[in-house]
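Please open the model in your viewer and keep the selection tool at hand, since this tour moves from one selection to the next.

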Amino acid sequence: MRKSMTILRYVFAVVLLLFGAIGTYAMFTEGYNPQSEGILLFGKTFRQLHDAIMMSYLGPFVRLAQLFAGILLLTKRYWWIGLLFYLPFAVNIFLIHIIHDMPPAHPGFFASGMIVSIMNFVLVFYEKDRLKQLVVTPKTK
């Protein structure tokens, strides 16, 4: 089981690096273009929410956070920092898609958000005992 979680961690890191690199490159070279992501297929509420996020400072920050977390996940010593660092983003992505993108208007966009979120949730759940030791200090007498 440990080996499969290590493989999942590396796959997750590569996915984050790909999404982050592609998104960051496009964001800095072309600016934000809603048509490039197929956002026009979505409902008005989701489109406005996504456009507001991507046109604010959060758009580039999310892309750079993906790169940062992906790089940390590839390390042997600091991978757990990348996992915990990306957790709030994963929760946000998951909830935005579940609340504002149901039924999915674009299956690929929905799936990419769910894959990134669920991989993070699975890794955090599997490593919860190890991560708990980092966050909670046991009381000793």
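The bend at a residue, as used below, is the angle between two axes, one fitted to the seven residues ending there and the other to the seven starting there. The model in front of you is a predicted one.

**The whole chain.** Begin with everything selected and coloured by secondary structure: the chain has six helices and zero strands, so that from the N terminus on the elements run α-α-α-α-α-α. Of its 141 residues, 34% count as buried, and the accessible surface comes to about 8,800 Å², with 70% of that area belonging to carbon and sulfur atoms. If you switch on contacts and keep the pairs at least 6 apart in sequence, 69% of them join residues at least 24 apart.

**Helix α4.** Next select residues 79-100, which make up helix α4; because 22 residues at 1.5 Å a residue should span 32 Å, the 31 Å between the end C-alpha atoms agrees with expectation. Then centre on L87, where α4 has a kink of about 35 degrees, shortly before the proline P88. To see which side chains of this helix are covered, select W79, G82, L83, Y86, F89, A90, I96 and H97, the buried residues of α4.

**A nonpolar patch.** Now show the surface and select V91, L95, I98, I99 and M102, which together make a nonpolar surface patch of about 430 Å². One of these residues, L95, has its place in helix α4. Is L95 buried or exposed, or does it fall in between? Its relative accessibility is 41%, and because partly exposed covers the range between under 20% and over 50%, L95 counts as partly exposed.

**Helix α5.** Move on to residues 107-126, helix α5, whose 20 residues reach 27 Å from the first C-alpha to the last, close to the 28 Å expected at 1.5 Å a residue. The buried positions in α5 are F109, F110, G113, M114, V116, S117, M119, N120, L123 and V124, a set that is worth displaying as sticks.

**The loop after α5.** Finally, select E127, which lies in the loop between α5 and α6, the latter being residues 128-135. How much of E127 is accessible? Its relative accessible area is 7%, and because that is under the 20% limit, E127 counts as buried. Which residues does E127 touch beyond its neighbours within four places in sequence? With those neighbours left aside, E127 is in contact with R2 and W79, and W79 is also among the buried residues of α4.

Notes: Residues are numbered from 1 along each chain as its sequence is written. This is a predicted model: local features need pLDDT of at least 70, side-chain atom pairs count only at pLDDT 80 or more; totals for chains, interfaces and linings use all residues. Side-chain values use heavy atoms; hydrogens and water are left out. Helices (H or I, at least four residues) and strands (E, at least two) are DSSP runs, numbered from the N terminus. The expected span of a helix is 1.5 Å times one less than its number of residues. Buried means under 20% relative accessible area, exposed over 50%, partly exposed in between (1.4 Å probe, protein chains only). Contact means heavy atoms within 4.5 Å. Accessible areas come from the Shrake-Rupley method with a 1.4 Å probe; for residues, only the protein chains shown count as cover. Patches are made of residues with over 30% relative accessible area and no salt bridge: like charges are joined within 9 Å, nonpolar side chains (Val, Leu, Ile, Met, Phe, Trp, Tyr) within 5 Å. A salt bridge is a side-chain nitrogen of Lys or Arg within 4 Å of a carboxyl oxygen of Asp or Glu.
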